[in-house]
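Okay, hi everyone, thanks for having me. Let's get the picture up on the screen, and then I'll walk you through it piece by piece.

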Amino acid sequence: MPLWKCQVCGLVLEGPEPPDKCPRCGAPKEQFKLLSDQEAQLVTRSRKSNYLHMKAVTLLQELLKIAEEGIQDNLDPPCVKIFTEEKEFALLTIQKIMAELEVHMKKGKWG
Ligand SMILES: [Zn+2]
């Protein structure tokens, strides 16, 4: 399915034809440009990568909950140490992913 990019706001849409007007910025149909195969592939790959990042965030949030429960449980110092490291890892990695996703959005060039 062809991909169309709004030249005004960068929104990328999939469809046999461009929309009558951009659902994001209201630009007319003429502002939509058909992406080349190469450009379309970048968009598809970028979307996949974003999806994988979001999946990882979901898992890390789960790990965060587990780690916090373990810290609360407070069985003994070695256990608390492991849970604390898990918590730090999860928090740091979530931050990194969110920062990277924000860069993707700002660049806006791959939809
Ligand atoms: Zn637009």
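**Salt bridges, sheet and zinc**

Let me start with one residue: Glu17 has a relative accessible area of 52%, so it counts as exposed. Before I go on, keep in mind that this is a predicted model.

So, which residue does Glu17 form a salt bridge with? That's Lys29, and their closest N and O atoms are 3.9 Å apart. Lys29 and Glu17 are both in the loop between β2 and β3, 12 residues apart, and the pair links distant parts of the chain. Lys29 itself is partly exposed, at 28% relative accessibility.

Lys29 has another salt bridge, this time with the side chain of Asp20, at 3.6 Å from N to O. Asp20 is exposed, with a relative accessibility of 61%. Put these together and you get a network of salt bridges linking Glu17, Asp20 and Lys29.

Now the sheet. We have three strands in an open sheet, in the order β2-β1-β3, and the pairing is antiparallel. β2, residues 12-14, and β3, residues 32-34, are at the edges with a single partner strand each, so each has one side without a neighbour in the sheet. On average, neighbouring strands here are turned by 30 degrees against each other, ignoring direction. If you're new to this: strands of a sheet pair through backbone hydrogen bonds, either parallel or antiparallel.

Let's zoom in on β1, which is residues 3-6 and pairs with β2 over three bridges. Looking across to β2, Trp4 sits opposite Leu13, and Lys5 sits opposite Val12. Five residues lie between β1 and β2 in their hairpin, and in the turn you'll find Gly10 with a positive phi of about 90 degrees. Towards β3, there are again three bridges, running antiparallel, and there Cys6 faces Phe32.

Where do the β1 side chains go? Leu3 and Lys5 point one way, Trp4 and Cys6 point the other way, and all of them are buried. Then there's helix α1, residues 37-73, which lies across β1, β2 and β3 and runs at about 90 degrees to β1.

Next up, the zinc ion. Which residues hold its protein donors? They are Cys6, Cys9, Cys22 and Cys25, each through SG, lying 2.3 Å from the zinc. Along the sequence, the spacing of these donor residues reads C-x2-C-x12-C-x2-C. Cys6 is in strand β1 and Cys25 is in the loop between β2 and β3, 19 residues away, and this pair links distant parts of the chain.

Why do we call the arrangement tetrahedral? Because the four donor atoms subtend angles of 106 to 114 degrees around the zinc ion. The ideal for four tetrahedral donors is 109.5 degrees.

And are these cysteines buried or exposed? Cys6 has a relative accessible area of 1%, so it's buried. Cys25, at 35%, is partly exposed.

Last stop, back to salt bridges. How many turn up in a search of the whole structure? Six. One we haven't met yet joins the side chains of Glu62 and Lys65, at 3.6 Å from N to O. Both residues lie in helix α1, three residues apart, and that's about one turn of the helix. Glu62 is partly exposed at 41% relative accessibility, while Lys65 is exposed at 52%.

That's it from me, thanks!

Methods: Residues are numbered from 1 along each chain as its sequence is written. This is a predicted model: local features need pLDDT of at least 70, side-chain atom pairs count only at pLDDT 80 or more; totals for chains, interfaces and linings use all residues. Side-chain values use heavy atoms; hydrogens and water are left out. Two strands pair if DSSP finds at least two bridges between them. Helices (H or I, at least four residues) and strands (E, at least two) are DSSP runs, numbered from the N terminus. Axes are lines fitted to C-alpha atoms, for helices over the stretch in contact, and angles run from 0 to 180 degrees between N-to-C directions. Contact means heavy atoms within 4.5 Å. Buried means under 20% relative accessible area, exposed over 50%, partly exposed in between (1.4 Å probe, protein chains only). Donors are N, O and S atoms within 2.8 Å of the metal (3.2 Å for Na, K and Ca); water is not among the atoms, so sites may look incomplete. Four donors count as tetrahedral if all angles lie between 85 and 135 degrees; four count as square planar and six as octahedral if opposite donors are over 155 degrees apart and all others between 65 and 115; anything else is irregular. A salt bridge is a side-chain nitrogen of Lys or Arg within 4 Å of a carboxyl oxygen of Asp or Glu.
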